[in-house]
Amino acid sequence: MTSKCRTIAVANQKGGVGKTTTAINLGAALAELGRRVLVVDLDPQANATTGIGLDPRSLKRSVYDVLLDGRSMTECVFPTAVEGLMAVPSHLDLAGAEIELQSAFNRERRLAVALSGVRDEFDYLFVDCPPALGLLAVNALTAVREVLVPIQCEYFALEGLAQLTMHVDQIRRHLNPELVLSKLLLVMYDSRTNLSRQVIEEVRSLYEDRVCHTTIPRSVKLAEAPARGQPITVYSPRSRAALTYRLLAREFENDDTE
């Protein structure tokens with residue numbers, strides 16, 4: 001993987017921790033800075049697809065066709081309403097991919113092979129992972145160089161992180177030697193609660209410079225935006241959440257992970 005494109009899996013096997021929200025809104029904020037960004041929706045629930053403004057039921061091509069039918073990734077890249085932000089949509093058929101891939105040739109590397117054809121066209125490539133450590137997640141982690149882990153500022157915030165870290169280590173040893181768990185992003189932060197502050201202190205003490213400086217606040221606007229099929233930077237561009245994602249985008253731009 002010698003491309004200048006930063007390839008990042010947004011992963012956490014816990015559901016509802018902000019993976020999709022992070023992939024969409026960080027991608028949109030980077031596109032605002034003039035970067036070319038691709039979001040690949042690898043979750044059968046297709047929340048990133050709808051949240052970015054695409055209707056998975058009306059699309060005739062999706063990441064399912066790439067993984068199972070060998071369709072070119074280029075054919076499955078769709079524009080969004082945000083200039084510079086593109087997406088590869090998911091589809092409900094992807095729910096059966098875990099079973100279908102079991103007997104498939106080169107089953108762990110299908111996404112990596114497909115992305116090699118489009119990677120040079122983008123500055124950032126985000127893969128929104130499903131909340132499970134199955135073959136879809138393995139494909140994601142084999143295809144990227146970095147893992148970004150959103151962590152809720154709530155009780156049991158670090159639950160499962162050790163398992164994810166072990167999974168990343170296994171992928172690094174057997175399939176993708178360049179893979180690193182590069183960043184942890186604290187999300188759903190509520191400055192009014194002691195718990196949020198305690199979680200931040202604990203995570204920063206354990207993981208130090210791997211934790212993003214920017215924390216994402218809990219926000220009603222952020223929860224509303226996906227229903228409109230818009231990133232927060234479009235739905236409520238002056239909101240605190242939008243401003244915070246722009247700060248996160250600048251942090252990524254200044255990051256020296258690579």
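**Legends for the close-up views**

**View 1. The largest cavity sits beside strand 6 and helix 7.** About 60 Å³ of space lies in the largest cavity (a set of points on a 1 Å grid over the protein atoms alone where a 1.4 Å probe fits but cannot get out; lining residues have an atom within 4 Å of a point). Volumes are the space filled by probe spheres set on the points, which are joined across faces, edges and corners. This is a predicted model, in which local features need pLDDT of at least 70 and side-chain atom pairs count only at pLDDT 80 or more, while totals for chains, interfaces and linings use all residues. Residues are numbered from 1 along each chain as its sequence is written, and side-chain values use heavy atoms, leaving out hydrogens and water.

To find your way around this cavity, look for Asn-12, Gln-13, Lys-14 and Val-17, which are among the residues that line it. Its lining also includes Pro-150, Ile-151 and Gln-152, as well as Ala-157, Glu-159, Gly-160, Leu-161 and Leu-164. Two elements give two or more residues to this lining: strand 6 (146-152) and helix 7 (161-174). Strand 6 gives the most, with 3 residues. Elements are DSSP runs numbered from the N terminus, with helices (H or I) of at least four residues and strands (E) of at least two. Sorted by class, the lining of the largest cavity has 6 nonpolar, 4 polar and 2 charged residues (Ala, Val, Leu, Ile, Met, Phe, Trp, Tyr, Cys and Pro are nonpolar, Asp, Glu, Lys and Arg charged, and the others, Gly among them, polar). The whole structure holds 3 cavities of 30 Å³ or more.

**View 2. The largest pocket draws on helix 1, helix 2 and helix 9.** Here we turn to an open space. The largest pocket has a volume of about 460 Å³ (a pocket is an open set with protein on both sides within 12 Å along at least five of seven lines). A total of 26 residues line the largest pocket, and those closest to its centre are Val-17, Gly-18, Lys-19, Thr-21 and Met-188. Helix 1 (19-32), helix 2 (47-51) and helix 9 (220-224) are the elements that give two or more residues to the lining. The largest share, 5 residues, comes from helix 1. By class, the lining of the largest pocket has 12 nonpolar, 10 polar and 4 charged residues.

**View 3. Helix 1 is mostly covered.** In helix 1, 12 of the 14 residues are buried (under 20% relative accessible area with a 1.4 Å probe and protein chains only; exposed is over 50%, partly exposed in between). The buried residues of helix 1 include Lys-19, Thr-20 and Thr-22. Further along helix 1, Ala-23, Ile-24, Asn-25, Leu-26, Gly-27, Ala-28, Ala-29, Leu-30 and Ala-31 are buried too. Just after helix 1 comes Gly-34, with a positive phi of about 95°.

**View 4. Seven strands form an open sheet with mixed pairing.** The strand order across the sheet is 3-4-2-5-1-6-7 (two strands pair if DSSP finds at least two bridges between them). At the edges are strand 3 (78-79) and strand 7 (180-187), each of which pairs on one side only. Strand 1 (residues 6-10) and strand 5 (residues 124-128) are parallel partners joined over 5 bridges. For a handy landmark, find Ala-9, which stands opposite Val-127 in strand 5.

**View 5. Cys-5 and Cys-129 are buried cysteines without a disulfide bond between them.** The structure holds 0 disulfides (pairs of cysteine sulfur atoms within 2.5 Å). Cys-5 is in no disulfide, and its nearest cysteine sulfur, in Cys-129, is 15 Å away. Seen from Cys-129, the closest cysteine sulfur is that of Cys-5, and at 15 Å the separation is too far for a bond. Cys-5 counts as buried at 2% relative accessibility, and Cys-129 likewise counts as buried at 2%.

**View 6. Ala-46 and Glu-208 each take a positive phi.** Ala-46 lies in the loop between strand 2 (37-41) and helix 2. Its phi is near 60°, a positive value in a residue other than glycine. Ala-46 is buried, with a relative accessible area of 3%. Glu-208 lies in the loop between helix 8 (194-207) and helix 9. Phi of Glu-208 is near 45°, again positive in a residue other than glycine. Glu-208 counts as exposed, at 57% relative accessibility. The C-alpha atoms of Glu-208 and Leu-184 are separated by 9.7 Å, with the two residues 24 apart along the chain.
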